[in-house]
Amino acid sequence: SRIALLFDIGKGAFQAPLNNRTFSFCKFIGNPNVNRLAQIFHRELKRAGYIPNRCPIPPGVYTFRGVRASAMRLQPFFPEADFILDFTIGVGEVHTYDSRWHGSVRKMQCSKTTSGFIVVPFLTKTTVTVDMKYMIASGSLNNSARISTFTTKFLGNPNTHRLAQIFHREMRRTGYIPNKCPIPPALYAYRGVRVSAMRLPAFFPEADFILDITIGEGKENTYDSRWFGAIKRLQCTKTARCSFPCLLLGMALISVSGLRPYKTIPVVKNLTTQVNLKYLNATLVVHNTPTVNKVDMLLDVQRPLANLWMNFVLWIDIASASLQAPLQNHTYDFCEFLKNPNVHRLSQIIHREVSRNGNMPPNCPILTGLYAFYGIQTGALRFPAFFPAVNYVLRVALATGNEVFYDGRFYGTFKRIKCTRVWIIVLFSLSCKNISVSCRNALKVIPIVTSVRLQDNLKYLNSSAIIRNTPMESRVDLVITLTRPLPDPWMNFVVWVDLGSGTLQAPLQNTTFEFCEFLKNPGLHRIGQILHREVKRHGNIPGCPIGPGLYKYGGISTAAMRLPGFVPVARYIMHVFLGVGKEIVYDSRWHGTLKRVKCTGSTRC
């Protein structure tokens, strides 16, 4: 027999196999321990049918029904990635059974009896070739996701639809749901629906989703909703229990202590406004106190506004007091944005809070009238945590055709404040592998590494890095030989981006933190966490104290490092220091560009 396992980490081309073994099948069925990987499959096949335990294997029908891939526990170091598994059985030089299995490795929450996570394969396709002189083989995969339509019989018996039942159960806890038809006219209120209590099967992957829920009578749709989001996998706690096989999920906010102790918010210090009175009149007032920063905005529209476009420009942290190329400069259809604010991430953050405090028009044309927004709290505008605490200038311009009728500039600082309660968004997800949906965000931002400069303190370590570039990604081989322990190391992480003038100004991010604390909880540093996650897939990252040894990380893929979508396409320099006390142990400078690439089946967003 021969078993070969190949992994694909986002490149779309499978490299040298992770496992490629040829062994005696007769010895294996007598003692499955001789091959660890084949033993995992053998154990589950044995549960689903009869496998002879010695040779010769007699003629007969060998049936294996309902073999569960989710019961095949792989080693925890296996990466979450697509794979190809080749399994061949031969007699002499003849291949009697030759199969190729395609799928992906996934990490799942363990059951009540087992803590932590397990790594399991999920099969998507298989091909089998046999020598009919020796055998005939057939099989089928059963991977299904439900896209269902059902009638009001569901109210009488929610068990008729498993997915809808999950939502129905939680809705009933927070309000009244009729249990039969006709549904009488009334106000049906559901407050504080906790989707963290909605438990989905654990095989659902961490992925974006679109969920359509429609209620109709006859041929008319009386209620039509579309929910966007992404699944998140959380560790179970005393207050958020798991029941196997389930994931914590939700479409609301869950309080989690200690996940990210800080948040970044903008503080508005001053603003200027220019308007075309033919279209509207605007009044904006800033209210500043030591604890609260609020903005009142009054817009008096003089004529209907249609075919609008918006220009959104953000400059940050210009320590030299001169504005260089902006961090972000986007122009987009404002009418489309009103229908779907998700098309622009930073504008969406502002739009969400402005809508809470006034009568934001839902679509175009925007009718004449007064649009008032009082007490817009900048403290509720949650910017990505890697935004530095620096000054900024934000320009928002609205126009129709070639006429700009509103031009506002907001001057202020980004402020990092400690959270009293930390919130994370956990959204129910239907797997993109199981349900075909059109992607709203067809592009993602990834770093491309063009060069690297390393300086080592040879008293502590020696390191080398090799870069291999393709049009879609960079792959980095990193080798570090540590010659003595590192007690209480610290890390300094500096990033410069988009240097349009050709000179380096103040960095986008400059953070120093305890490296041991970061290894325990990588969520303390968002960009560091993105790098840590991918490096960990390709080698062993030690815990503290960090002992002497060889640390190898081969084929680190930058295509799997998914940066926020609003990060501009620009050149960057990333400076990473590792130090002990007052000594710098490791000094690396990585040069490259941020690139926007199209998402595909092998490079998912």
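This is a short chat about some backbone features of a predicted model.

User: What kind of model is this, and how are residues numbered?
Analyst: The model is predicted; local features need pLDDT of at least 70, side-chain atom pairs count only at pLDDT 80 or more, and totals for chains, interfaces and linings use all residues. Residues are numbered from 1 along each chain as its sequence is written, and side-chain values use heavy atoms, with hydrogens and water left out.

User: OK, which residues does a cis peptide bond join?
Analyst: One such bond joins Cys55 and Pro56, with omega about 0°. Another joins Cys181 and Pro182, also with omega about 0°.

User: Where do Pro56 and Pro182 lie?
Analyst: Pro56 is in the loop between α2 (36–48) and β3 (82–91). Pro182 is in the loop between α4 (162–174) and β6 (200–201). Helices (H or I, at least four residues) and strands (E, at least two) are DSSP runs, numbered from the N terminus.

User: New topic. What is phi of Asn307?
Analyst: Near 50°, which is a positive value in a residue other than glycine. Asn307 sits in the loop between β13 (293–301) and β14 (308–316).

User: Is Asn307 buried or exposed?
Analyst: Asn307 is exposed, at 66% relative accessible area. Buried means under 20%, exposed over 50%, and partly exposed in between, using a 1.4 Å probe and protein chains only.

User: And what about phi of Asp488?
Analyst: Asp488 is not a glycine, and its phi is positive, near 50°. Its loop runs between β22 (474–482) and β23 (489–497).

User: Buried or exposed, that Asp488?
Analyst: Asp488 is exposed, with a relative accessible area of 67%.
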